[in-house]
There are 2 protein chains.
Amino acid sequence: MKVICQGNELSDALSKVVKALPIRRNNLILEGVKLTAVGDTVTLFATDLELAIEKKINAQVLIEGEMVVPGRLFADYAKKIEEEEVELDGTNPNRLVIKYLDSELQIKCLPVDEYPIFKEVDTEQSFVILKKDFKEAIAKVIFNVSQDEARPSLKGVCLNIKDDEIEIVASDGFRLALTRTMIKNNGVLKKILVPSKSMTELSRLIEDGEETITVYVEKSYIMVDLFHTKIVTRLISEEYINYEHIIPVSFTTVVTADKKLVENAVERAALINRTEKKAIVKMDIKEDTLLLNAQGEDGEVNERVTIGLQGKDLIIGYNTKYLIDCLHAIDEPVITLNFTTSTAPGIIKGESDKWLYLILPLRVIG
Amino acid sequence: MKVICQGNELSDALSKVVKALPIRRNNLILEGVKLTAVGDTVTLFATDLELAIEKKINAQVLIEGEMVVPGRLFADYAKKIEEEEVELDGTNPNRLVIKYLDSELQIKCLPVDEYPIFKEVDTEQSFVILKKDFKEAIAKVIFNVSQDEARPSLKGVCLNIKDDEIEIVASDGFRLALTRTMIKNNGVLKKILVPSKSMTELSRLIEDGEETITVYVEKSYIMVDLFHTKIVTRLISEEYINYEHIIPVSFTTVVTADKKLVENAVERAALINRTEKKAIVKMDIKEDTLLLNAQGEDGEVNERVTIGLQGKDLIIGYNTKYLIDCLHAIDEPVITLNFTTSTAPGIIKGESDKWLYLILPLRVIG
């Protein structure tokens, strides 16, 4: 192959597709970005066999063909070029020669016939969602996924696609985040599990905005087709936890509080035992006051936040990191903390039913 | 002791003095910040026995006294408070109680009598330098210091204080950076060696500007007295290399080039062997052209830069990292590269004599 394209377009396209390169380097061929030059287009493609990203750019194709080029080197070189023309010369199939102004990079290429072939995703079933809603929902839940290899289903984000809304859920077994968003449904009614890395990269590649995107869903894959960029991810085939049955719906202690005040107080309390693995903050809820207490080797912190209370007084303990994570993700000024007993899961919510965080308490003494 | 001060002043002061806390934690008492409340002032002090930073803030002193408070915890807590008043209550000498709005932190304190005492630095000899000149000179040389414990003198930055100028020099034995800056001298004529950590922190604490600072110099210490902030650093007592004799002054190959073009070319060339320990770039200087070549496992890069040449053609090899480091530090549009032979040190300079970089070449084949 031999093509001429714009430096900045090549650079931008490479920076996107390399997001699909494997993090662990144990399969040399997957380190490559596959280039396919046909007609007036060069297609760039990379995959770690779970996530695949494809991006097309316009080019003057002098000789059609395909090559697999070491991806990170190619992308790093492309970062250093600007809008001038760049020539990709693969006349010798073992070596791509990249010419840009007075600069010339020769890269040894990888064998094209060893590169995996991805089948096209069926576009029969899909749902349509606002870009900004999708991005926001992912940001609100993604930090709750598990890192534990022993529980593969919890390493994914669950998309529960319903008639006119989608529930997006993530959990690590100790906490759970759920968001609900309106969609337009084209024949999908199921729960699917998307690997969290794919979900993160998908969210990054979607630009914020009022436009919609279409998510195509088939048995083992989903696919999103953005402007000249196609993202495909394999789904996790495990069964997800039956989360609907875990989330309590009635409470005996309901606290209404200013989110920023609670966040500041928990952050200060967290300082005292930040080096401990399971740092705990004790909440003492009584009348119009939430007292927070945390203790560590160097001393202790006490915080007082004025609240509204409906129901009974309660003392309950929480993992400080979990509390801080979810408070950071909340962008509403007022929250409610909803409890039954000091051993049952508590729920943090806003005014709407659009999102909630569930956290299992820790045992506290006194 | 018991004092009331402004939250933001306390926070700002702590963020400065903690820069002097030891990086390695092998002496518990040095983890502390010493507070001294006298008159209408609280003095905060921290040291790793090499660098010491002292900062005074205004306070309403209810009970005079002194305490040593775990520094990082205290500083992190102070980061989370704002302009409202904060009370520091050390009525119980083992424990400082910090009250801020509805927040209360109790910290176990360290024994005051174990804290080291620093003597005052003599202010008889000093030099005066423009803040911005001093900051710029440090930034231009500091990355050249050695990390090698076996050569303690090269871990320092050399200040060669002359009649009306100062030479600031750093070297790791393979490269050397030198800057010359005007000063007003009050009786110092010597070479001193400042530990690089102290030099870095000193540079950070000096605000950029056209004002001057006074650097007091005595046998084993230097001291800088900024507005309510005093910085003292111990000097390295080793002999420094006789750098004046290493720097060549006459050359047989002098290349004039656009700095940005050379920098871009070297950066691109560096990509191909970036994972190698001693990455080398070969420079082939001939007539009006500088050809750069770098090779690695994945291929090779060739770059061509148009130059002006006075003198003989030359082929010379350099450590790419050294070249990039010094090109990044240069903020002039035109540079000269000055050589004699392919085995003698080369000098990179600007139009003035205010700074220069010396780099030892690597052997190249062909």
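This note comments on the symmetry of the two chains and on one sheet of chain A, with the helices that pack against that sheet.

1. The model is a predicted one, and its two copies superpose exactly to the precision given: a rotation of 180° with 0.0 Å of shift along its axis brings chain B onto chain A, with an RMSD of 0.0 Å. The two copies are thus related as by a two-fold rotation axis. The same surface serves both copies, since 100% of the contact residues of chain B recur in chain A.

2. As for the position of the rotation axis, the residue of chain B that comes closest to it is Ile23(B), whose C-alpha lies at 16 Å.

3. In chain A, an open sheet of 9 strands follows the order E6-E2-E3-E4-E18-E17-E16-E10-E14, with antiparallel pairing. Its edges are formed by strand E6 (65-70) and strand E14 (184-186) of chain A, each of which pairs on one side only. On average, and with direction ignored, neighbouring strands of this sheet are turned by 20° against each other.

4. Within the sheet, strand E10 (residues 126-130) and strand E16 (residues 212-217) of chain A run antiparallel and are joined by 5 bridges, and Leu130(A) stands opposite Thr212(A) in E16(A). Helix H3 (residues 131-141) of chain A packs on the sheet, where this helix touches E10 and E16 of chain A and its direction makes about 90° with that of E10(A).

5. A further helix of chain A, H4 (residues 196-205), lies across strand E4 (51-58), strand E17 (221-226) and strand E18 (229-234) of that chain, and runs at about 165° to E18(A).

Terms used: Residues are numbered from 1 along each chain as its sequence is written. Chains are lettered from A and ligands numbered from 1 in the order in which they are written. This is a predicted model: local features need pLDDT of at least 70, side-chain atom pairs count only at pLDDT 80 or more; totals for chains, interfaces and linings use all residues. Copies are superposed by least squares on the C-alpha atoms of residues with pLDDT of at least 70 in both. Two residues are in contact if their C-beta atoms, placed from the backbone, lie within 7 Å. Two strands pair if DSSP finds at least two bridges between them. Helices (H or I, at least four residues) and strands (E, at least two) are DSSP runs, numbered from the N terminus. Axes are lines fitted to C-alpha atoms, for helices over the stretch in contact, and angles run from 0 to 180 degrees between N-to-C directions.
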